[in-house]
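Good morning, and thank you for coming. I would like to take you through one protein structure, beginning with the whole and then turning to its parts.

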Amino acid sequence: MSAIETVTISAEETGGRLDRVLAARIPALSRSRLKALIIDGQVMIAARTVRDPAAQVNSGDTVTVNLPAPVDAKPQGEAIPLNVVYEDEAIIVIDKPKGLVVHPAAGHAAGTLVNALIAHCGASLSGIGGVKRPGIVHRLDKDTTGLMIVAKTDKAHRALSKQFADKSHGPIKRGYLALVWGVPGRPKGTIDAPLGRHPHARDKQAVRPDGRTATTHWQLLEKFAGADGKPVASLLACTLETGRTHQIRVHLAHIGHPILGDETYGTGFKTKISRLGPKAAAALGDLGRQALHAYLLAIEHPETTDALEFQSELPGDLRRLRDALHAESREAGPDRRK
């Protein structure tokens, strides 16, 4: 069902751009959405259709905005089970399993998180840019598990996008647990290394001087010994300041500690599997993905401004790998794990 918004221009708004004034007066709609409505002939001033987003408004003008009902998203909803951690009228937080692609794309036209959310949320999707679709503000790789937040309204989408773009806005925090090869020589550190597309492989990212700024903070939580009693792997907690594609995976490989099971950025460490005991080697062989989990997500609610924090435990496959590494470290003996 379509709706109508009516705005009367104040003296202070005289001379302002139509799209800018409407965006300030109708917070539920983004400026880009209002611009599209104006161009589409859905906005009138004093019963006269105006198609120029830059048109100036005058004191006393009555502006009418026709809001067509959101159209159905092109991706179809699919009844894919979701682990919903939190949901209200504005947002939904899910704990993503491994193997679930976020967006439909070539090779993954269906069976994605977007398909699942369209089916799950149904009529509660009020329309992002005039389309009934979930507002994706950050992503997890297909085989990275853990917490993701998705907007259900245009207003929530804009507010969350601002939080993810501006780390100084609100309490946003994204924390990951990573099982990596080797043990860092200090308890914590920061990786400041710009990232860009790999020069020879378009599906990979790489540290490059002309890349985009990228910062990852890490802390050593646990270290594990191999079958020879020498340090072989560790558990790190990573916190993002930026959210570049494959950021943690590339950064950790860059400092010599690629993530266990990472077939893209850790191929040079495959021979280290021989240093693991049989239990850990078997658990890693069964993993079939990078050992990375988004365990912490803190945001400011896009409408109530309440501080929200969510945590997720390690999924079963990573827990089995961690337990196996622990068990074999204990078997190695404390004197051999120093």
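I shall describe the overall dimensions, then the nonpolar cores, one helix, the strands, and finally an aromatic pair.

Please keep in mind throughout that this is a predicted model. The protein contains seven helices and 18 strands. Its C-alpha trace spans about 85 × 40 × 40 Å along the principal axes. Of the 338 residues, 46% are buried. The accessible surface comes to about 16,300 Å², and carbon and sulfur atoms account for 50% of that surface. If we take the contacts between residues at least 6 apart in sequence, 67% of them join residues at least 24 apart.

Let me turn to the interior. The largest nonpolar core has 48 residues, and Leu252 and Leu321 are the residues with the most contacts inside it. Strand S16, residues 231-240, supplies the largest share of this core, with seven residues. Another core, of 19 residues, lies apart from it; among its members are Leu22, Ile26, Leu34 and Val63.

What does Leu321 touch, once residues up to four places away in sequence are set aside? The list consists of Leu179, Leu260, Ala280, Ala283, Leu284, Leu287 and Ala291.

Leu252 brings us to helix H5, since Leu252 is one of the buried residues of that helix. Helix H5 covers residues 247-254, and because six of its eight residues are buried, it is largely enclosed by the rest of the structure. The buried residues are Gln247, Ile248, Arg249, Val250, His251 and Leu252; I would draw your attention to Gln247, Arg249 and His251 in that list. After H5 comes Gly256, which has a positive phi, near 85 degrees.

Next, the strands. One open sheet has four strands in the order S1-S4-S2-S3, with antiparallel pairing. Its edges are strand S1, residues 3-8, and strand S3, residues 48-49, each of which pairs on one side only. Within the sheet, strand S2 (residues 43-45) and strand S4 (residues 62-67) run antiparallel and are joined by three bridges. Val43 has Val65 in S4 as its bridge partner. Helix H2, residues 31-39, lies across S2 and S4, and runs at about 95 degrees to S4.

As a general reminder, side chains in a regular strand alternate between the two faces of the sheet.

Elsewhere, strand S6 (residues 84-87) pairs with strand S7 (residues 91-96) in the antiparallel sense, over three bridges. A hairpin of three residues joins S6 to S7. Glu87 stands opposite Ile92 in S7.

My last topic is the aromatic rings. How many aromatic pairs does a search of the whole structure find? The search finds one. Its members are Tyr86 and Phe310, whose ring centres are 5.6 Å apart and whose planes meet at 45 degrees, a tilted arrangement. The pair links distant parts of the chain, as Tyr86 belongs to strand S6 and Phe310 to strand S18 (residues 307-311), 224 residues apart.

Is each ring-bearing residue buried or exposed? Buried means under 20% relative accessible area. Phe310, at 9%, therefore counts as buried, whereas Tyr86, at 27%, is partly exposed.

To close, I return to one point: this remains a predicted model. Thank you for your attention.

Notes: Residues numbered from 1 in each chain as written. Predicted model: local features only at pLDDT ≥ 70, side-chain atom pairs only at ≥ 80, totals over all residues. Heavy atoms only, no water. Pairing = 2+ DSSP bridges. Helix = DSSP H or I, 4+ residues; strand = E, 2+ residues; numbered from the N terminus. Contact = heavy atoms within 4.5 Å. Axes fitted to C-alpha atoms, helices over the stretch in contact; angles between N-to-C directions. Phe/Tyr/Trp six-rings, centres within 6.5 Å; stacked < 30°, edge-to-face > 60°. Buried < 20%, exposed > 50% of the residue type's maximum accessible area, 1.4 Å probe, protein only. Areas by Shrake-Rupley, 256 points an atom, 1.4 Å probe, with all protein chains shown as cover. Core = buried A, V, L, I, M, F, W, Y, C linked by side-chain atoms within 4.5 Å.
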